[in-house]
Amino acid sequence: MHKRIPVSLAILATALTACQPASDLTPITAAAAVGDPVARGEYLVRTAGCNDCHTAGYIESQGEMDTAQWLTGSPMGYHGPWGTTYASNLRLRLQDMDEAQWLEYSAHLRTRPIMPDFSLRAMTIEDRRAIYRFVRSLGPAGVAAPAALPPGQTPPAPYFGLVLPPAPAAPAAPEAPAGPATTAVPAN
């Protein structure tokens, strides 16, 4: 009985793997990217979620998208109390920077939501250099992303609305305790 369970699990895993759609894309593993900064950059862009916002349709395709379409920005706006932010076309943006400028820029990047700029700042200089080299290897493509919009301005569709819940109401002041019951006595 104990030997049947692992064999059954192996058969189930094989069957489930066979049900997955075929892919022409071969993900680069961290081990394969060692020593090759362009491959390392591709690995980081893929696993750090850069494409989730900076590549239109990436999430909908579950990452099954040719790298020729990667990082060209998106018309999807991210709308919230700060206004509306659009994911930039990194392929155009990085064409205007040399490597030293990118390393300085990315080390101090502070953007509007929803960009997790803290994640980029936390990367090593080698990882940020690898991202730069990978993005530059793709070459320029696409058009610039729409400009950010200020708070209070409704963006054109498509946009993703991020709504913050209202602040909790302050608790009501406690009522004064009731004193002893008194009866009014008429005065004569």
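## Cysteines and disulfides

In this predicted model, the sulfur of Cys 53 has its closest cysteine sulfur in Cys 50, at 9.4 Å, which is too far for a bond. Seen from the other side, the sulfur of Cys 50 finds its closest cysteine sulfur in Cys 53, again at 9.4 Å and too far for a bond. Because a disulfide requires the two sulfur atoms to lie within 2.5 Å, the pair does not qualify, and the count of disulfides comes to 0. As for its surroundings, Cys 53 is partly exposed, with a relative accessible area of 23%.

## The chain as a whole

The protein chain contains 7 helices and 3 strands, and from the N terminus on these elements follow the order α-α-α-β-β-α-α-α-α-β. Of the 188 residues in the protein chain, 27% are buried. Among the contacts between residues at least 6 apart in sequence, 62% join residues that are at least 24 apart.

## Helix α2 and its ends

Helix α2 spans residues 37–47, and its buried residues are Ala 39, Gly 41, Glu 42, Leu 44, Val 45 and Arg 46. The elements that cover these buried residues include α3, residues 50–54, and α7, residues 125–138.

Both ends of the helix have a local feature that can be found in the model. At the start of α2, a side-chain oxygen of Asp 36 comes to within 3.2 Å of the backbone nitrogen of Val 38, while just after α2 the residue Gly 49 adopts a positive phi of about 85°.

## How α2 meets α7

Two packed helices are described by the angle between their axes together with the distance between those axes. For α2 and α7, the axes come within 7 Å and cross at roughly 95°, which means that α2 is roughly perpendicular to α7. By class, the contact of α2 with α7 has 7 nonpolar, 2 polar and 4 charged residues.

On the α2 side, the residues taking part are Pro 37, Val 38, Arg 40, Gly 41, Glu 42, Leu 44 and Val 45, and they meet Asp 127, Ala 130, Ile 131, Arg 133, Phe 134 and Ser 137 of α7. Val 38, whose backbone nitrogen is approached by Asp 36, is thus one of the residues of α2 that meet α7.

## His 79 in strand β1

His 79 is found in strand β1, which covers residues 77–80, and with a relative accessibility of 17% His 79 counts as buried, since the cut-off for buried is under 20%. The side chain of His 79 makes a polar contact of 2.8 Å with the side chain of Thr 84.

Leaving aside neighbours within four places in sequence, the residues in contact with His 79 are Thr 84, Gln 153, Thr 154, Pro 155, Tyr 159, Phe 160, Gly 161 and Leu 162. Thr 84 therefore appears both as the polar partner of the His 79 side chain and in this list of contacts, where contact is a matter of heavy atoms within 4.5 Å.

## Asn 89 in the loop before α4

Asn 89 is found in the loop between β2, residues 83–86, and α4, residues 90–95, and this residue is buried, with a relative accessible area of 3%. A polar atom of the Asn 89 side chain lies 3.0 Å from the backbone nitrogen of Leu 92.

Not counting residues up to four places away in sequence, Asn 89 touches Leu 71, Thr 72 and Gly 73, and also Ala 141, Gly 142, Val 143, Ala 144 and Ala 145.

Conventions
Residues numbered from 1 in each chain as written. Predicted model: local features only at pLDDT ≥ 70, side-chain atom pairs only at ≥ 80, totals over all residues. Heavy atoms only, no water. Buried < 20%, exposed > 50% of the residue type's maximum accessible area, 1.4 Å probe, protein only. Helix = DSSP H or I, 4+ residues; strand = E, 2+ residues; numbered from the N terminus. Polar contact = N/O pair within 3.5 Å; in protein donor to acceptor, adjacent residues only side chain to side chain. Axes fitted to C-alpha atoms, helices over the stretch in contact; angles between N-to-C directions. Parallel < 35°, antiparallel > 145°, perpendicular 65-115°, else oblique. Nonpolar A, V, L, I, M, F, W, Y, C, P; charged D, E, K, R; others polar.
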